[in-house]
Amino acid sequence: MSVMETSASGTATPPWLTDLRARASETYEALGWPTQRVEDWRYTRLPERKDARGPGAAGAPELGAIPAAGANRAVLVNGRYRPDLSTLVDLPSAVQIGGLADVLRHDPDLVELYIGRLARLPNMPMTALNTSNLTDGIFVRVPAEYDLEQPLHLVSLGHGDDAAAQHPRILVVLEEGASARIVEHHTGSGSYFTNAISEFDLADGARLEHVKLQLEAPAATHVAGNYLGLGPEAQYEGFVLQTGGTVGRNEVHAYLGSSESDFTLNGVYLAAGRQVLDNTTRVQHAAPSSRSRQTFKGVLNAGARGVFQGKVLVERDAQQTDAHQLSRAVLLSSGAEVDAKPELEIYADDVRCSHGATAGELDEAALFYLESRGIPPTTARHMLVEGFLGETVDEISIEPAKDLIRAEIRSWLEANVDKKSRDPA
Amino acid sequence: MAADTQTIEQVQALGDQYKYGFVTDIDVDLAPKGLNENIVRLISEKKQEPAWLLEWRLRAYRHWLKMPEPKWAKVEFPPLDYQDAYYYAAPKLTEAPKSLDEIDPKLLETYEKLGIPLKEQEVLAGVAVDAVFDSVSVATTYKAKLEQMGIIFCSISEAVQTHPELVRKYLGSVVPYSDNKHATLNSAVFTDGSFVYIPEGVRCPVELSTYFRINQENTGQFERTLIIADRGAYVSYLEGCTAPMRDEHQLHAAVVELVALDDAEIKYSTVQNWYPGDEEGRGGIYNFVTKRGACRGRNSKISWTQVETGSAITWKYPSCILQGDNSVGEFYSVAITNNRQQADTGTKMIHIGKNTTSRIIAKGIAAGRSDSTYRGLVRMQRGAQGARNYTQCDSLLIGDKCGAHTVPYIECGNPTAQVEHEATTSRISDDQLFYCLQRGLSSEDAVSLIVNGFCREVLQTLPMEFAVEAQKLVGISLEGSVG
């Protein structure tokens, strides 16, 4: 905890928060920086930035360059909420969107109800590190039965050099029967380190569409934990795009603790150069009749590495669980690598659970076919990759986010896939 | 009551009988309890081993002291007390039953259910073989035939004396002494096991099995097996048997090494049905085995088939290192757990050479309060151009107190390599069961039929006689788990 944080608010920190930070700090100190000796981190080496605890200098972020993915936008710069950069229009007073520090000042009891309830600390050093730095972030609450139709664009900007670390925190609460569409967008400039935590609490029958964009600066490092709690008959439809940063790791922890909940998560990752992009998911079915679906697709160019670790846990009482998971990766050239660890841990017998994983190159026969029809090799490769990713991207229901993702894929292909990348070095 | 519990009791009862049968005043060559360098030296000395082997054992022992217990497997058991065990006992002179008439009829009933031939029953029940059953002559006939073809098939201790150059060249070349805690312990204190060498171009005409090995002693808890198939050779090796095995040792840490040179093929089949403990899992055998095959040569092939039904804890990952171009690795497995049994088993396929292929079919069946885990690694090294893998893992849960888990690790470092992995978990559907019952099958027969269908792909890769017994074993292992 830095000195600056406590003095910034000017008002007294509620005792529960002081206590929470202290516990988080202790947990982090006990667990230490994750290394590859820890099973959960065996495939991803997280460059050590443990000394970089302070936020970078708040420069002048160029918001103009960030395409809008919704009418309403809330912005964090280095983890601090910036009302001056945020635009929130046409919102009924019952919908709460704003800075977490602000809510902590005016209504700390409300935050206490939700924060850290899903993002538990044990065994999670990075979550603990984020929580020990908890001062600000974005808070969203949608009241019961309200449908927040307009997509909400939450932007987290990072800025700074190797010594800069930011711990953005997002807390979203959907009350009974509420629904929302949220685009969580991480980007920035420099070689900063992001350690983001987002918590999404979905009450009975709530519905959330969520797109997470990991488009960090090329030299940045991104680690994030998305924690989800689904109430009875709650629905979550998520999508993750990762293509930024030198090392990027997105964790999704979903707790399906009530019956009839429905969880869908798809993802695309595009890695080139010396990038390591890691998608780690953990779906815990703890009540009967819940359903989960996951599909992750990766495209990897020379030197890059993709990681998929997906665990589906079905507890004793979670009968009639229906869980499916699929990881597919395309290796465009030699030197690329993908490591997948799809895991099933099942303690109930009346369940339908399956997973699949594949890895390989683009179909030579399909390439030949396209070329034989007069399509230039580079275009043919672009078409095949777009086709491979297309079926997953098409399912995104937030239109502006879908367009943005398609554009990202296209520009990544332009930059990374040409005729040459086909020939093994 | 589950059938295997019955058999357990029978075996236990039998064990008691044996206790009274021991002749106590005969000098039994037994090293003191505990493990230290002197014990390792003693074992080596008793076996009159050359200096290099003693050195190797000692290196393993010293390394073992520094190794932590492996904790990654999904099995739970109290810490092992290595000092509370015997590591060397010369073959005991015991008063064995003279004929099957002296054996508990209940045990014989189990053998009958399995359809084990009479002579074999005698061996399994521990009847003094030489006295009643002329296995020696059968085995000798085989041995003479094999010797004619240049095939070496003997105990590893014998091989150390008669073919030291082969043993020295290959021992530890697939599973190095520093491999893992259990394999390292085995390297330090192994006392027996099999040695097979098939010379160039020879196709072994019979299925080799420890059963035919002369001087068959108690195989011991630290078994070491080394099989070498020279260029173009072929051998099929059978380990274990379907009948419940009686054994006093709790910890079994065996090591099996296979080496296949150019165009050679080794087929290794295991049926394991050791004492799984009582219903609460007390007293069962810990089966911590390291099995690995190296496809060193071009076009070589190693195929593992295992049917695992016994032991309290199974910790076993028969693996293939596919080094030679175009080499093939196969792993077919059925793992059945009941009561409190825990099985963490799977394979590793390491693709190094070009156009190497591997196929993994694993079937896990969990019943009672047991846990069954498939844990496997498929690794495509950077140079594994055009390599292929196909993996299928299916789990079947019987009852709502058991657990079935799948933990595959898939690492692909070559774009021309293709990896496919599929896994499913389900239970015996009510429809299937209802259909069988309304056709007049008992619920136990129905479960046996359905589970056998579920395992079919694996069971049919077993050698004929083995397959028939294994099918019956599948049914027997699950008796009492439904209804």
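Which strand of chain B is joined to E17(B) by four bridges and runs parallel to it, starting at residue 342? The strand in question is E14 (residues 342-345) of chain B, and its four bridges to E17(B) are in the parallel sense. Strands (E, at least two residues) and helices (H or I, at least four residues) are here DSSP runs numbered from the N terminus, and two strands count as paired if DSSP finds at least two bridges between them. The structure is a predicted model, in which local features need pLDDT of at least 70 and side-chain atom pairs count only at pLDDT 80 or more, while totals for chains, interfaces and linings use all residues. Residues are numbered from 1 along each chain as its sequence is written, chains are lettered from A and ligands numbered from 1 in the order in which they are written, and side-chain values use heavy atoms, with hydrogens and water left out.

A good place to begin is the sheet around E17(B). This strand spans residues 371-380 of chain B and is mostly covered, with nine of its 10 residues buried; buried means under 20% relative accessible area, exposed means over 50%, and partly exposed lies in between (1.4 Å probe, protein chains only). In the pairing with E14(B), Gln342(B) stands opposite Asp371(B). Strand E15 (residues 348-351) of chain B also pairs with E17(B), in the parallel sense and over four bridges. There, Met349(B) has Val378(B) as its bridge partner. E17(B) further pairs with E19(B), again in the parallel sense, over 10 bridges. Asp371(B) appears in this pairing too, standing opposite Gly403(B) of E19(B).

From E19(B) the path leads across to the other chain. Strand E19 of chain B (residues 403-412) is joined to E19(A) by six bridges, and the two strands run antiparallel. One of the residue pairs is Ala340(A) with its bridge partner Ile410(B). Over the whole interface, 35 residues of chain A are in contact with 34 residues of chain B, where contact means heavy atoms within 4.5 Å. The size of an interface is often given as the accessible area lost when the parts come together. Between chain A and chain B the buried area is about 2,700 Å², of which carbon and sulfur atoms give 47%; buried area is the accessible area (1.4 Å probe) that two parts lose on being put together, summed over both.

Polar interactions also cross this interface. The rule finds 20 residue pairs in polar contact between the two chains, both residues at pLDDT 80 or more. A polar contact is a pair of N or O atoms within 3.5 Å; within protein, one must be able to donate a hydrogen and the other to accept it, and residues adjacent in sequence count only if both atoms are side-chain atoms. On the side of chain A that touches chain B, strands E19 (337-346) and E20 (352-360) of chain A each supply at least two residues. E19(A) gives the most to that side, with 10 residues. The residues of this side divide into 14 nonpolar, nine polar and 12 charged, with Ala, Val, Leu, Ile, Met, Phe, Trp, Tyr, Cys and Pro counted as nonpolar, Asp, Glu, Lys and Arg as charged, and the others, Gly among them, as polar.

Salt bridges complete the picture. A salt bridge is a side-chain nitrogen of Lys or Arg within 4 Å of a carboxyl oxygen of Asp or Glu. By this rule the count over all chains comes to 43, and four salt bridges are found across the interface of chain A and chain B. Asp350(A) and Arg427(B) meet in a salt bridge through their side chains (3.4 Å, N to O).

Within chain A, Glu343(A) forms a salt bridge with Lys311(A), the closest N and O atoms being 3.5 Å apart. This pair links distant parts of the chain, 32 residues apart, with Glu343(A) in strand E19 and Lys311(A) in strand E17 (residues 305-314) of chain A. Glu343(A) counts as buried because its relative accessibility is 14%. Both residues belong to a network of salt bridges that also links Glu39(A), Arg42(A), Lys341(A), Glu345(A) and Lys74(B).
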